[in-house]
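Please open the model in your viewer, with a cartoon for the backbone and sticks ready for side chains. The tour below moves from one selection to the next.

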Amino acid sequence: MRVAILGYGTVGREVVRLLHTQADDLTARIGAPLELAGIAVRRGGRDRGVDPALLTTDAHGLAVRDDVDLVVEVVGGIEPARSWLVDALKAGKSVVSANKALLAEDGATLQDAAAAGGADLYYEAAVAAAIPIIRPLRESLHGDRITRVTGIVNGTTNYILSQMDATGAGFNEALEEATELGYAEADPTADVEGFDAAAKAAILASLAFHTRVTAADVHREGITEITAADVASARAMGCTVKLLCIAERHRDEDGGESVSVRVHPAMLPRTHPLSSVGDAFNAVFVEADAAGQLMFYGRGAGGAPTASAVVGDLVAVARNRLAGARTTAESPYADLRIRTVAEALTRYHISLDVADKAGVLAEVAAAFAGHDVSISTVRQEGRGDDATLVIVTHTATDAALAATVDALRELPIVRNVVSVMRVEGGEAK
């Protein structure tokens with residue numbers, strides 16, 4: 001089996017290393033050796049520690065070459081990766097990709113090309129590196145009905161929030177530390193604004209609910225507005241703050257079903273299994289009718305963990321090719337309606353800077369009641385000019401909560417709406 005590697009960065013180098021160091025074992029597992037046909041690099045003329053004859057700057061030419069059986073893509077981005085992979089798949093080359101952005105934006109095009117070429121498309125590494133979650137959703141749980149997938153799928157944001165919780169640091173301070181340790185990129189926008197997690201949420205939802213979901217369908221909020229006070233308030237409620245991706249199946253009023261997919265920071269009770277996922281680790285929590293609750297945990301990023309998943313996929317597609325078989329990578333038969341975030345029901349934590357005088361609670365409660373938002377718990381922190389009212393609601397829609405917050409801002413006794421955050425995963429005290 002001759003393999004083309006598109007991209008020779010951190011992950012690409014680790015893939016090549018594993019192919020060399022585990023060559024005998026891989027041959028035994030597959031039934032045929034994996035041989036490097038070529039490595040596509042962005043710029044030539046540099047010593048990369050491999051046979052220079054393997055290197056080429058013509059990624060497309062390498063991907064469709066007649067003597068190539070399998071293509072590994074670890075370049076990232078939408079174009080030109082999409083064109084390379086579409087043509088490779090149509091030419092019958094099985095593809096292994098770690099490209100979450102492309103799969104989330106236009107995975108349908110790749111799936112259609114794979115079907116047209118009779119080839120496999122595998123992408124375990126696209127969501128959580130070495131954590132096996134794609135294949136369990138696509139194969140192991142295919143006989144079950146998945147109701148909800150909740151994940152911590154971005155190591156950068158999880159490290160930042162974990163440090164804020166552990167040390168009381170502010171967002172900027174924790175981000176600076178994450179950058180120094182190499183957990184955050186020089187431009188961390190894709191991570192801290194939730195774009196990375198949203199792409200992964202789209203992939204997970206597509207598999208879990210047999211419905212094509214794109215990144216554009218995912219409601220996205222980042223963590224840049226989370227303050228040390230928010231984290232402290234969460235701690236006082238027995239919660240921690242996490243950036244969650246949530247994909248959920250719903251029963252509609254007409255008897256049909258729909259799905260909601262969203263990424264946002266939320267207060268999570270410390271009794272929830274995901275609350276203990278710290279540092280730069282990832283985890284995905286799956287709930288299904290028959291299987292119940294399952295959690296997949298491990299390192300969700302990094303060259304070696306990602307390469308582990310890539311090579312695992314290579315073994316699978318190589319076996320299929322030798323057997324003359326093909327795995328159906330998707331089954332979008334359900335085609336469920338995708339809900340807007342305005343329809344999503346969530347509990348909320350609202351912190352208000354209020355005047356400390358009689359009648360405050362009654363006026364605030366009236367604002368909530370006026371928009372049919374039910375209050376679960378209320379507590380006051382501080383006195384006088386430092387008085388803060390902390391409210392946790394029962395479930396409400398975003399639209400109802402937004403209208404309530406607007407009404408609160410109009411009240412003379414409310415000096416400021418300090419923060420509004422969702423609460424997930426159980427009761428908050």
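What follows is a walk through a predicted model, with a selection to make at each stop.

**First stop: helix H8**

Select residues 155-167, which form helix H8, and draw a line from the first C-alpha to the last: the 13 residues reach 18 Å, close to the 18 Å expected at 1.5 Å a residue. Now show the surface around them; eleven of the 13 residues of H8 are buried, so the helix is largely enclosed by the rest of the structure. The buried residues run from Gly155, Thr156 and Thr157 through Asn158, Tyr159, Ile160, Leu161 and Ser162 to Gln163, Met164 and Asp165. To see what covers these buried residues, colour several other elements, including strand E7 (146-152), helix H9 (171-180), helix H12 (228-236) and strand E9 (239-251).

Next, look at the two ends of this helix. At the N-terminal end, Asn154 acts as a cap, with a side-chain oxygen that lies 3.2 Å from the backbone nitrogen of Thr156. Just after H8, select Gly168, whose phi is positive at about 80°.

**Second stop: the largest pocket**

Which residues should be selected to find the centre of the largest pocket? The volume of this pocket is about 1,100 Å³, and of the 40 residues that line it, Lys100, Glu185, Asp196, Ala301 and Gly302 are the closest to its centre. Helices H1 (10-21), H11 (195-209) and H13 (303-323) are among the elements that each supply at least two residues of the lining, and so are H5, H8 and strand E11. Helix H6 gives the most to this lining, with four residues.

**Third stop: Asp112 in helix H5**

Stay with H5, which spans residues 100-117, and pick out Asp112 within it. Asp112 is partly exposed, with a relative accessible area of 44%. Add Lys90 to the selection and compare the two C-alpha atoms, for Asp112 and Lys90 are 22 residues apart in sequence and 8.9 Å apart in space.

**Fourth stop: strands E1, E2 and E3**

Select residues 35-40, strand E2, where five of the six residues are buried, so that this strand too is largely enclosed by the rest of the structure. Strand E1 (residues 2-6) pairs with E2 in the parallel sense over five bridges, while E2 and strand E3 (residues 55-56) pair, also in the parallel sense, over two bridges. Ala40 is a useful residue to label here: it is the bridge partner of Leu6, and in E3 the bridge partner of Ala40 is Thr56.

**Last stop: backbone details in the loops**

Move to the loop between strand E4 (70-73) and helix H4 (81-90), where Pro80 is placed; the peptide bond that joins Glu79 and Pro80 is cis, with omega at about 10°.

Then select Asp335, in the loop between H13 and strand E13 (337-338). Asp335 has a positive phi of about 50° although it is not a glycine, and at 61% relative accessibility Asp335 counts as exposed.

Finally, go to Asp372, in the loop between helix H14 (360-369) and strand E15 (375-381). Is Asp372 buried or exposed? With a relative accessible area of 71%, Asp372 is exposed, and its phi is positive at about 60° although Asp372 is not a glycine.

Notes: Residues are numbered from 1 along each chain as its sequence is written. This is a predicted model: local features need pLDDT of at least 70, side-chain atom pairs count only at pLDDT 80 or more; totals for chains, interfaces and linings use all residues. Side-chain values use heavy atoms; hydrogens and water are left out. The expected span of a helix is 1.5 Å times one less than its number of residues. Buried means under 20% relative accessible area, exposed over 50%, partly exposed in between (1.4 Å probe, protein chains only). Contact means heavy atoms within 4.5 Å. A polar contact is a pair of N or O atoms within 3.5 Å; within protein, one must be able to donate a hydrogen and the other to accept it, and residues adjacent in sequence count only if both atoms are side-chain atoms. Two strands pair if DSSP finds at least two bridges between them. On a 1 Å grid over the protein atoms alone, a cavity is a set of points where a 1.4 Å probe fits but cannot get out, and a pocket is an open set with protein on both sides within 12 Å along at least five of seven lines; lining residues have an atom within 4 Å of a point. Grid points are joined across faces, edges and corners, and a volume is the space filled by probe spheres set on the points.
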